Amino acid sequence: MKALVLKDFHEMVVAERPDPVAGRGEVLVRTVATGICGSDLHGFTGANGRRVPGQVMGHETAGRIAALGPDVTGLTVGGLATVNPVVSCGHCPSCTAGAEHHCPEKYVIGVAPAVSAAFAEYVVAPAGNVVALPDTMPAEYGALVEPIAVGAHAARRGAVTADDTVLVSGGGPIGQAVVLAARRLGVTRIVVSEPDPGRRALCATLGAEVVDPAGAPVPEQVRELLGGPASVAVDAVGLSATLADALAATSLGARIVLVGMAAPRVELAAFAVSTEERTLVGSFSYSAADFRSAAEWVAGTPPELAHLVERQVDLADAPAAFTALAEAPTPGKVLVRF
Ligand SMILES: [Zn+2]
Ligand SMILES: [Zn+2]
């Protein structure tokens, strides 16, 4: 099969790789489309240290089930599916409690260098990670389930309800997914702070109000728009500056969700947490239930999905797309077609 290989940092190539085979309890998926994630771009440049040269990346994918390994039931060859890339043991306390992403044996397809991944014509995954989608939907939307699940999990971590007003820092794919999740929960006032005009425009089409952090201090802009502070902030950037905005733009007792990972260390105003009783929670990936519920929502092909896809590129053009995106990320997702 053909695969997109990280030959070296800043160098992607299309190369031949052996076809993976579905073992016991596994499913072989013929890839249709795989999304390029910000983490793949950081892997491409070597910035995040979570990808190694020689590996195949790709964890946001949709495809058709090509073969079932022994002992797999409940899935149909030829059917459309997406793959939950977080593979866990299934029997430890975290897994049985529905926090599979906390499993000590967990690995992520497209991150772990030694396992089959989705920037390739075929990918193998445990059957429990393969989530069937209706054949009637545009197949490539299946590749949006993963980032949408990240946003949905962040909203759940922030205990967002319809009564909240929400500030989202960062209007990239994760910020966009948070906006969609908050809207699904019934939130009517969502402000996205984002410096890129293209991303601001995209978030506005998703139903958010948008501010440019370069225009005026974000907390001031939020208070002006909402008539007061927000009750929840989701930091989808993860810098000291965005965290400071989240604290200063929210009410006493507010919830702050840190999902962005732009910096390994941040500084924060301790009293904005202690004396003002804000709750600061982390959010990373999603549980299996979050993923399935995101897949269910995507399966209904809500019209917002069309806005999330910037463009689709053929495999042959994928190396150039990586180079271009590492220089200048686009507002929406770029998908690689297989
Ligand atoms: Zn991702
Ligand atoms: Zn486990």
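A residue counts as buried when its relative accessible area is under 20%, as exposed when that value is over 50%, and as partly exposed in between. This definition will be needed at several stops of the tour. The structure in the viewer is a predicted model.

**Stop 1: an aromatic cluster**

Select Phe 119. With a relative accessible area of 0%, Phe 119 is buried, because this value lies under the 20% limit. Next, add Phe 322 to the selection; Phe 322 is likewise buried, at 0% relative accessibility. The structure holds 3 aromatic pairs. One of them joins Phe 119 and Phe 322 in an edge-to-face arrangement, with 5.7 Å from centre to centre and 80 degrees between the planes. Phe 119 belongs to the loop between strand E7 (107-108) and strand E8 (122-126), whereas Phe 322 belongs to helix H11 (residues 318-327), so the pair ties together parts that are 203 residues apart in sequence. Now add Phe 44: together, Phe 44, Phe 119 and Phe 322 form one aromatic cluster.

**Stop 2: charges over rings**

Select Arg 30 and Tyr 122. The charged end of Arg 30 sits over the ring of Tyr 122, at 5.4 Å from the centre of that ring. Then select Arg 184 and Trp 297. Here the charged end of Arg 184 sits over the ring of Trp 297, and the distance to the ring centre is 4.2 Å.

**Stop 3: the zinc ion, ligand 2**

Select the zinc ion (ligand 2). Which residues coordinate this zinc ion? They are Cys 89, Cys 92, Cys 95 and Cys 103, each through its SG atom, at 2.3 to 2.4 Å. Along the sequence, these donor residues follow the spacing C-x2-C-x2-C-x7-C. The 4 donor atoms subtend angles of 105 to 115 degrees around the zinc ion (ligand 2), and the arrangement is therefore tetrahedral. For comparison, the ideal angle for four tetrahedral donors is 109.5 degrees. Colour two of the cysteines separately: Cys 89 is partly exposed, with a relative accessible area of 21%, whereas Cys 95 is buried, with 8%.

**Stop 4: the zinc ion, ligand 1**

Move to the zinc ion (ligand 1). Its protein donors are Cys 37 (SG) and His 59 (NE2), which lie 2.1 to 2.3 Å from the ion. Cys 37 is in the loop between strand E3 (26-35) and helix H1 (38-45), and His 59 is in the loop between H1 and strand E4 (61-68), so the pair ties together parts that are 22 residues apart in sequence. Are these two donors buried or exposed? Cys 37 is buried, with a relative accessible area of 14%, and His 59 is buried at 6% relative accessibility.

**Stop 5: the largest pocket**

Keep Cys 37 selected and display the surface. The largest pocket holds about 1200 Å³ of space. It is lined by 46 residues, of which Cys 37, Gly 38, Ser 39, His 42 and Ile 174 are the closest to its centre. Two or more lining residues come from each of H1, H3, H4, H11 and strand E17 (333-337). H1 provides the largest share of this lining, with 5 residues.

**Stop 6: the largest cavity**

Across the whole structure, a search finds 2 cavities of 30 Å³ or more. The largest cavity has a volume of about 60 Å³. To locate it, select its lining residues: Leu 144, Pro 147, Ile 148, Pro 173, Gln 176, Ala 177, Leu 308 and Lys 333. Helix H3 (145-157) and helix H4 (173-184) each supply at least two residues of this lining. H4 gives the most, with 3 residues.

**Stop 7: a glycine before H4**

Select Gly 171, in the loop between strand E10 (165-169) and H4. Gly 171 is buried, with a relative accessible area of 0%. Then add Ile 190: the C-alpha atoms of Gly 171 and Ile 190 are separated by 12 Å, and the two residues are 19 residues apart along the chain.

**Stop 8: two positive phi values**

Most residues other than glycine have a negative phi. Select His 10, in the loop between strand E1 (2-8) and strand E2 (11-16). Phi of His 10 is positive, near 70 degrees. Finally, select Ser 285, in the loop between strand E15 (279-282) and helix H9 (288-299). Phi of Ser 285 is also positive, near 50 degrees. His 10 is exposed, at 52% relative accessibility, whereas Ser 285 is buried, at 11%.

Notes:
Residues are numbered from 1 along each chain as its sequence is written. Chains are lettered from A and ligands numbered from 1 in the order in which they are written. This is a predicted model: local features need pLDDT of at least 70, side-chain atom pairs count only at pLDDT 80 or more; totals for chains, interfaces and linings use all residues. Side-chain values use heavy atoms; hydrogens and water are left out. Donors are N, O and S atoms within 2.8 Å of the metal (3.2 Å for Na, K and Ca); water is not among the atoms, so sites may look incomplete. Four donors count as tetrahedral if all angles lie between 85 and 135 degrees; four count as square planar and six as octahedral if opposite donors are over 155 degrees apart and all others between 65 and 115; anything else is irregular. Buried means under 20% relative accessible area, exposed over 50%, partly exposed in between (1.4 Å probe, protein chains only). Rings of Phe, Tyr and Trp (its six-membered ring) pair if their centres lie within 6.5 Å; planes under 30 degrees apart count as stacked, over 60 as edge-to-face and the rest as tilted. Helices (H or I, at least four residues) and strands (E, at least two) are DSSP runs, numbered from the N terminus. A charge sits over a ring if NZ of Lys or CZ of Arg is within 6 Å of the ring centre and within 35 degrees of the ring normal. On a 1 Å grid over the protein atoms alone, a cavity is a set of points where a 1.4 Å probe fits but cannot get out, and a pocket is an open set with protein on both sides within 12 Å along at least five of seven lines; lining residues have an atom within 4 Å of a point. Grid points are joined across faces, edges and corners, and a volume is the space filled by probe spheres set on the points.
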